[in-house]
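These are my notebook entries on a structure I went through step by step, writing down what I looked up. I began with the charged side chains and then turned to a helix and the surface.

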Amino acid sequence: MSTATTPTTADARAFGRVAVLMGGSSSEREVSLDSGRNVLEALRSRGVDAHPVDGIPALLDALVHGMFDRVFNILHGNKGGGEDGVLQGLLQGFEVPYTGSGVLGSALTMDKIRTKQVWLSAGLPTPQYRRLDAGADLRAAALALGLPVFVKPSSEGSSVGVARVQSAADIDAAIDVARAYGGEMLMEQMVIGDELTVGILGDTALPSIRIVPKGGWYDYNAKYIAEDTQYLCPGLDGDEEQAIRQLAHAAFIAAGCSGWGRVDVMREHSSGKLLLLEVNTAPGMTSHSLVPKAARQVGISFEDLCWKILEQTL
(Lines give C-alpha, C1' and ligand atoms only; values in the text may rest on other atoms or scores of the structure.)
Protein backbone atom coordinates (compact mmCIF):
# COMPACT_ATOMS: atom_id res chain seq x y z
CA MET A 1 0.00 0.00 0.00
CA SER A 2 1.35 3.43 -0.89
CA THR A 3 1.46 6.12 1.77
CA ALA A 4 0.19 9.66 1.50
CA THR A 5 3.67 10.98 0.73
CA THR A 6 5.44 8.40 -1.43
CA PRO A 7 4.69 8.66 -5.18
CA THR A 8 4.46 5.41 -7.11
CA THR A 9 4.51 6.88 -10.61
CA ALA A 10 4.56 10.24 -12.37
CA ASP A 11 3.42 8.75 -15.69
CA ALA A 12 -0.33 8.89 -16.38
CA ARG A 13 0.09 6.13 -18.97
CA ALA A 14 0.86 3.68 -16.16
CA PHE A 15 -2.82 3.64 -15.22
CA GLY A 16 -4.08 2.59 -18.65
CA ARG A 17 -7.78 3.19 -19.29
CA VAL A 18 -9.56 4.12 -16.05
CA ALA A 19 -13.27 3.85 -15.24
CA VAL A 20 -14.51 6.50 -12.81
CA LEU A 21 -17.47 4.64 -11.35
CA MET A 22 -20.19 6.99 -10.11
CA GLY A 23 -23.95 7.42 -9.78
CA GLY A 24 -25.51 4.02 -9.33
CA SER A 25 -28.91 3.37 -7.80
CA SER A 26 -28.34 3.86 -4.06
CA SER A 27 -29.93 6.60 -1.97
CA GLU A 28 -26.67 8.55 -2.40
CA ARG A 29 -26.77 8.66 -6.21
CA GLU A 30 -26.76 12.46 -6.61
CA VAL A 31 -23.83 12.95 -4.23
CA SER A 32 -21.91 10.22 -6.06
CA LEU A 33 -22.50 11.88 -9.44
CA ASP A 34 -21.16 15.16 -8.04
CA SER A 35 -18.11 13.39 -6.57
CA GLY A 36 -17.52 11.48 -9.80
CA ARG A 37 -17.54 14.56 -12.00
CA ASN A 38 -14.92 16.18 -9.76
CA VAL A 39 -12.68 13.10 -9.76
CA LEU A 40 -13.01 12.69 -13.52
CA GLU A 41 -12.00 16.31 -14.14
CA ALA A 42 -9.04 16.03 -11.73
CA LEU A 43 -7.68 12.84 -13.30
CA ARG A 44 -8.08 14.14 -16.85
CA SER A 45 -6.29 17.36 -15.87
CA ARG A 46 -3.26 15.17 -15.07
CA GLY A 47 -3.43 13.31 -18.37
CA VAL A 48 -5.15 10.13 -17.11
CA ASP A 49 -7.28 8.33 -19.70
CA ALA A 50 -10.35 8.41 -17.46
CA HIS A 51 -13.98 7.79 -18.45
CA PRO A 52 -17.28 8.07 -16.55
CA VAL A 53 -19.32 4.92 -15.90
CA ASP A 54 -22.74 5.19 -14.26
CA GLY A 55 -23.48 2.25 -12.01
CA ILE A 56 -22.49 -1.39 -11.65
CA PRO A 57 -24.49 -2.88 -14.60
CA ALA A 58 -22.80 -0.48 -17.04
CA LEU A 59 -19.40 -1.29 -15.54
CA LEU A 60 -20.06 -5.02 -15.80
CA ASP A 61 -20.83 -4.68 -19.51
CA ALA A 62 -17.59 -2.72 -20.01
CA LEU A 63 -15.55 -5.29 -18.07
CA VAL A 64 -16.93 -8.16 -20.13
CA HIS A 65 -15.61 -6.36 -23.20
CA GLY A 66 -12.24 -5.62 -21.59
CA MET A 67 -12.63 -1.85 -21.80
CA PHE A 68 -10.87 -0.81 -18.58
CA ASP A 69 -7.58 -1.50 -16.81
CA ARG A 70 -8.64 -0.23 -13.37
CA VAL A 71 -11.53 1.44 -11.55
CA PHE A 72 -11.67 4.59 -9.43
CA ASN A 73 -14.68 3.77 -7.28
CA ILE A 74 -16.66 6.81 -6.16
CA LEU A 75 -20.00 5.03 -5.86
CA HIS A 76 -21.50 5.84 -2.46
CA GLY A 77 -23.82 3.68 -0.35
CA ASN A 78 -25.24 0.20 -0.78
CA LYS A 79 -28.00 -1.44 -2.85
CA GLY A 80 -26.51 -0.25 -6.12
CA GLY A 81 -23.74 1.74 -4.49
CA GLY A 82 -20.11 0.74 -4.25
CA GLU A 83 -19.45 0.54 -0.51
CA ASP A 84 -21.05 -2.77 0.50
CA GLY A 85 -18.55 -5.31 -0.88
CA VAL A 86 -20.60 -6.40 -3.89
CA LEU A 87 -18.67 -4.24 -6.35
CA GLN A 88 -15.35 -5.25 -4.78
CA GLY A 89 -16.14 -8.94 -5.20
CA LEU A 90 -17.11 -8.37 -8.83
CA LEU A 91 -13.87 -6.54 -9.60
CA GLN A 92 -11.75 -9.16 -7.86
CA GLY A 93 -13.50 -11.81 -9.93
CA PHE A 94 -12.49 -9.93 -13.08
CA GLU A 95 -8.99 -9.29 -11.65
CA VAL A 96 -9.38 -5.55 -12.23
CA PRO A 97 -7.61 -3.29 -9.68
CA TYR A 98 -9.79 -0.73 -7.88
CA THR A 99 -9.47 2.05 -5.36
CA GLY A 100 -10.42 1.76 -1.71
CA SER A 101 -11.12 -1.10 0.66
CA GLY A 102 -11.62 -4.72 -0.34
CA VAL A 103 -14.63 -6.98 0.09
CA LEU A 104 -14.34 -7.44 3.85
CA GLY A 105 -13.72 -3.83 4.87
CA SER A 106 -16.40 -2.53 2.51
CA ALA A 107 -19.08 -5.02 3.56
CA LEU A 108 -18.36 -4.74 7.26
CA THR A 109 -18.31 -0.96 7.53
CA MET A 110 -21.51 -0.60 5.50
CA ASP A 111 -23.14 -2.28 8.52
CA LYS A 112 -22.82 0.13 11.43
CA ILE A 113 -23.89 -2.45 14.03
CA ARG A 114 -21.35 -5.09 13.09
CA THR A 115 -18.63 -2.47 12.79
CA LYS A 116 -19.34 -1.51 16.40
CA GLN A 117 -19.16 -5.15 17.44
CA VAL A 118 -15.71 -5.46 15.87
CA TRP A 119 -14.49 -2.25 17.48
CA LEU A 120 -15.71 -3.28 20.91
CA SER A 121 -14.02 -6.68 20.56
CA ALA A 122 -10.79 -4.80 19.78
CA GLY A 123 -11.20 -2.56 22.82
CA LEU A 124 -12.01 0.55 20.77
CA PRO A 125 -14.56 3.05 22.14
CA THR A 126 -17.97 3.67 20.56
CA PRO A 127 -21.27 5.05 21.93
CA GLN A 128 -23.70 2.66 23.60
CA TYR A 129 -26.28 1.23 21.21
CA ARG A 130 -29.08 -1.24 20.62
CA ARG A 131 -29.63 -3.43 17.57
CA LEU A 132 -33.27 -3.32 16.51
CA ASP A 133 -35.05 -5.66 14.10
CA ALA A 134 -38.53 -5.19 12.68
CA GLY A 135 -40.22 -6.74 15.71
CA ALA A 136 -38.32 -4.80 18.37
CA ASP A 137 -40.06 -2.59 20.91
CA LEU A 138 -38.33 0.63 19.97
CA ARG A 139 -39.97 2.72 22.63
CA ALA A 140 -38.76 0.39 25.37
CA ALA A 141 -35.27 0.27 23.81
CA ALA A 142 -35.02 4.08 23.69
CA LEU A 143 -36.07 4.48 27.29
CA ALA A 144 -33.73 1.68 28.43
CA LEU A 145 -30.76 3.15 26.53
CA GLY A 146 -31.51 6.61 27.84
CA LEU A 147 -32.62 9.66 25.88
CA PRO A 148 -31.50 11.43 23.80
CA VAL A 149 -30.69 8.87 21.07
CA PHE A 150 -30.31 8.63 17.32
CA VAL A 151 -32.28 6.07 15.33
CA LYS A 152 -30.81 5.18 11.94
CA PRO A 153 -30.78 2.38 9.36
CA SER A 154 -27.82 0.09 10.03
CA SER A 155 -26.69 0.18 6.39
CA GLU A 156 -27.16 3.67 4.95
CA GLY A 157 -24.75 6.59 4.74
CA SER A 158 -24.73 10.39 4.37
CA SER A 159 -27.16 10.78 7.29
CA VAL A 160 -29.87 9.14 5.17
CA GLY A 161 -32.81 8.03 7.33
CA VAL A 162 -31.29 9.36 10.56
CA ALA A 163 -33.69 10.75 13.17
CA ARG A 164 -33.09 12.32 16.57
CA VAL A 165 -35.10 11.34 19.61
CA GLN A 166 -34.83 14.11 22.20
CA SER A 167 -37.90 13.07 24.20
CA ALA A 168 -40.40 10.21 24.36
CA ALA A 169 -42.73 12.22 22.13
CA ASP A 170 -40.21 11.97 19.25
CA ILE A 171 -39.91 8.17 19.22
CA ASP A 172 -42.73 7.19 16.86
CA ALA A 173 -41.77 9.73 14.18
CA ALA A 174 -38.10 8.70 14.37
CA ILE A 175 -39.02 5.04 13.95
CA ASP A 176 -41.06 5.82 10.83
CA VAL A 177 -38.11 7.69 9.26
CA ALA A 178 -35.60 4.88 9.85
CA ARG A 179 -37.98 2.05 8.95
CA ALA A 180 -38.62 3.57 5.53
CA TYR A 181 -35.19 2.25 4.48
CA GLY A 182 -35.79 -1.34 5.62
CA GLY A 183 -33.47 -3.78 7.34
CA GLU A 184 -32.02 -3.58 10.82
CA MET A 185 -31.98 -0.32 12.72
CA LEU A 186 -29.34 1.07 15.03
CA MET A 187 -30.34 3.02 18.11
CA GLU A 188 -27.32 4.90 19.41
CA GLN A 189 -26.91 7.04 22.47
CA MET A 190 -26.47 10.66 21.45
CA VAL A 191 -23.07 12.05 22.42
CA ILE A 192 -23.14 15.67 23.51
CA GLY A 193 -19.91 17.07 22.18
CA ASP A 194 -17.79 17.87 19.14
CA GLU A 195 -18.31 16.09 15.84
CA LEU A 196 -15.00 15.28 14.14
CA THR A 197 -13.78 13.28 11.20
CA VAL A 198 -10.37 11.93 10.17
CA GLY A 199 -9.43 11.14 6.59
CA ILE A 200 -7.17 8.15 5.93
CA LEU A 201 -4.83 8.12 2.94
CA GLY A 202 -2.63 5.07 2.60
CA ASP A 203 -0.88 4.58 5.94
CA THR A 204 -1.47 8.20 7.00
CA ALA A 205 -4.22 9.71 9.14
CA LEU A 206 -4.82 13.24 7.85
CA PRO A 207 -5.52 16.17 10.19
CA SER A 208 -8.87 15.93 11.92
CA ILE A 209 -11.74 18.26 11.00
CA ARG A 210 -14.17 19.59 13.59
CA ILE A 211 -17.59 20.19 12.09
CA VAL A 212 -19.70 23.05 13.42
CA PRO A 213 -23.11 23.11 11.67
CA LYS A 214 -25.15 26.26 12.18
CA GLY A 215 -28.25 24.22 13.00
CA GLY A 216 -26.46 22.17 15.65
CA TRP A 217 -26.72 18.86 13.78
CA TYR A 218 -24.65 17.66 10.81
CA ASP A 219 -27.52 16.30 8.70
CA TYR A 220 -27.79 15.79 4.93
CA ASN A 221 -28.51 19.49 4.33
CA ALA A 222 -25.51 20.62 6.40
CA LYS A 223 -23.26 18.12 4.58
CA TYR A 224 -24.15 18.84 0.96
CA ILE A 225 -26.24 21.99 0.63
CA ALA A 226 -25.73 24.55 3.40
CA GLU A 227 -22.94 27.10 2.97
CA ASP A 228 -22.80 28.09 6.66
CA THR A 229 -21.32 24.89 8.14
CA GLN A 230 -17.89 25.59 9.67
CA TYR A 231 -14.97 23.19 9.20
CA LEU A 232 -12.04 23.65 11.58
CA CYS A 233 -8.84 21.84 10.58
CA PRO A 234 -7.08 20.54 12.52
CA GLY A 235 -10.06 19.98 14.76
CA LEU A 236 -8.06 19.44 17.96
CA ASP A 237 -4.70 20.56 19.38
CA GLY A 238 -1.53 18.89 20.59
CA ASP A 239 -1.88 15.50 22.24
CA GLU A 240 -5.64 15.38 21.56
CA GLU A 241 -5.04 15.77 17.83
CA GLN A 242 -2.45 13.00 17.92
CA ALA A 243 -4.84 10.78 19.87
CA ILE A 244 -7.74 11.17 17.47
CA ARG A 245 -5.56 10.38 14.45
CA GLN A 246 -4.19 7.26 16.14
CA LEU A 247 -7.68 6.13 17.15
CA ALA A 248 -9.11 6.70 13.67
CA HIS A 249 -6.29 4.76 12.02
CA ALA A 250 -6.67 1.89 14.50
CA ALA A 251 -10.43 1.80 13.86
CA PHE A 252 -9.87 1.78 10.09
CA ILE A 253 -7.46 -1.14 10.29
CA ALA A 254 -9.58 -3.09 12.81
CA ALA A 255 -12.53 -2.92 10.40
CA GLY A 256 -10.46 -4.47 7.61
CA CYS A 257 -10.23 -1.27 5.58
CA SER A 258 -7.39 -0.13 3.33
CA GLY A 259 -6.40 2.44 0.72
CA TRP A 260 -8.35 5.51 1.71
CA GLY A 261 -11.46 6.44 3.63
CA ARG A 262 -12.82 8.50 6.49
CA VAL A 263 -13.55 7.75 10.14
CA ASP A 264 -16.19 9.77 12.02
CA VAL A 265 -15.62 10.42 15.73
CA MET A 266 -17.37 12.25 18.57
CA ARG A 267 -15.54 14.01 21.42
CA GLU A 268 -17.69 14.07 24.53
CA HIS A 269 -17.84 17.51 26.13
CA SER A 270 -18.11 16.33 29.72
CA SER A 271 -15.18 13.90 29.69
CA GLY A 272 -13.17 14.66 26.54
CA LYS A 273 -13.53 10.99 25.59
CA LEU A 274 -13.30 10.07 21.90
CA LEU A 275 -16.02 7.74 20.60
CA LEU A 276 -16.05 6.12 17.16
CA LEU A 277 -19.18 6.44 15.01
CA GLU A 278 -18.56 4.89 11.58
CA VAL A 279 -16.24 4.45 8.59
CA ASN A 280 -16.82 5.65 5.04
CA THR A 281 -14.89 3.57 2.49
CA ALA A 282 -15.74 5.76 -0.54
CA PRO A 283 -16.08 9.23 1.00
CA GLY A 284 -17.52 12.18 -0.87
CA MET A 285 -15.36 14.22 -3.22
CA THR A 286 -17.73 17.18 -3.62
CA SER A 287 -17.08 20.86 -2.90
CA HIS A 288 -18.35 20.25 0.66
CA SER A 289 -16.44 17.01 1.26
CA LEU A 290 -14.04 16.51 4.13
CA VAL A 291 -11.16 14.31 2.94
CA PRO A 292 -10.15 16.92 0.32
CA LYS A 293 -10.30 19.66 3.00
CA ALA A 294 -7.98 17.66 5.29
CA ALA A 295 -5.62 16.85 2.42
CA ARG A 296 -5.30 20.54 1.53
CA GLN A 297 -4.22 21.21 5.13
CA VAL A 298 -1.06 19.16 4.49
CA GLY A 299 -0.43 20.56 1.02
CA ILE A 300 -2.19 17.92 -1.08
CA SER A 301 -4.34 19.50 -3.81
CA PHE A 302 -7.55 17.85 -5.01
CA GLU A 303 -5.78 16.71 -8.19
CA ASP A 304 -2.88 15.27 -6.17
CA LEU A 305 -5.34 13.51 -3.86
CA CYS A 306 -7.13 11.81 -6.74
CA TRP A 307 -3.77 10.78 -8.25
CA LYS A 308 -2.53 9.35 -4.93
CA ILE A 309 -5.75 7.35 -4.46
CA LEU A 310 -5.49 5.95 -7.98
CA GLU A 311 -1.78 5.15 -7.42
CA GLN A 312 -2.81 2.67 -4.75
CA THR A 313 -4.17 0.41 -7.51
CA LEU A 314 -0.75 -0.06 -9.15
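Entry one, the salt-bridge network. In this predicted model, I looked up which charged side chains are connected to one another, and I found that Asp111, Arg114, Arg131 and Glu184 are linked in a network of salt bridges. I then took two of the contacts in turn: aspartate 111 meets arginine 114 in a salt bridge with an N to O distance of 2.8 Å, and glutamate 184 meets arginine 114 in a salt bridge at 2.9 Å, N to O. The pair of glutamate 184 and arginine 114 links distant parts of the chain, since glutamate 184 sits in the loop between helix H7 (171-179) and strand E7 (185-189), while arginine 114 belongs to helix H5 (residues 112-121), 70 residues apart.

I also asked myself whether aspartate 111 counts as buried or exposed. Its relative accessibility is 14%, so I noted aspartate 111 as buried, with the cut-off for buried being under 20%. Arginine 114 has a relative accessible area of 34% and is therefore partly exposed.

Entry two, another salt bridge. I looked up arginine 267 and found that its side chain meets that of aspartate 194 in a salt bridge of 3.4 Å, N to O. Because arginine 267 lies in strand E11 (residues 260-268) and aspartate 194 in strand E8 (residues 193-201), this pair ties together parts that are 73 residues apart in sequence. Both arginine 267 and aspartate 194 are buried. For the whole count, I wrote down 12 salt bridges.

Entry three, the two sides of a helix. Which residues of helix H6 (residues 138-145) are buried? I listed Leu138, Ala141, Ala142 and Leu145 as the buried residues of H6. They cover an arc of only 100 degrees around the axis, and therefore they lie on the same side of H6. On the other side of H6, I found Leu143 and Ala144 exposed. I followed the chain a little further and noted that glycine 146, just after H6, takes a positive phi of about 105 degrees.

Entry four, a nonpolar patch. On the surface I looked up a nonpolar patch formed by Leu60, Val64 and Phe94, which together have about 240 Å² of accessible area. I placed leucine 60 in helix H2 (residues 56-64), and I recorded leucine 60 as partly exposed because its relative accessibility is 34%.

Note on methods. Residues are numbered from 1 along each chain as its sequence is written. This is a predicted model: local features need pLDDT of at least 70, side-chain atom pairs count only at pLDDT 80 or more; totals for chains, interfaces and linings use all residues. Side-chain values use heavy atoms; hydrogens and water are left out. Patches are made of residues with over 30% relative accessible area and no salt bridge: like charges are joined within 9 Å, nonpolar side chains (Val, Leu, Ile, Met, Phe, Trp, Tyr) within 5 Å. Accessible areas come from the Shrake-Rupley method with a 1.4 Å probe; for residues, only the protein chains shown count as cover. Helices (H or I, at least four residues) and strands (E, at least two) are DSSP runs, numbered from the N terminus. Buried means under 20% relative accessible area, exposed over 50%, partly exposed in between (1.4 Å probe, protein chains only). The arc is that of the directions from the helix axis to the C-beta atoms.
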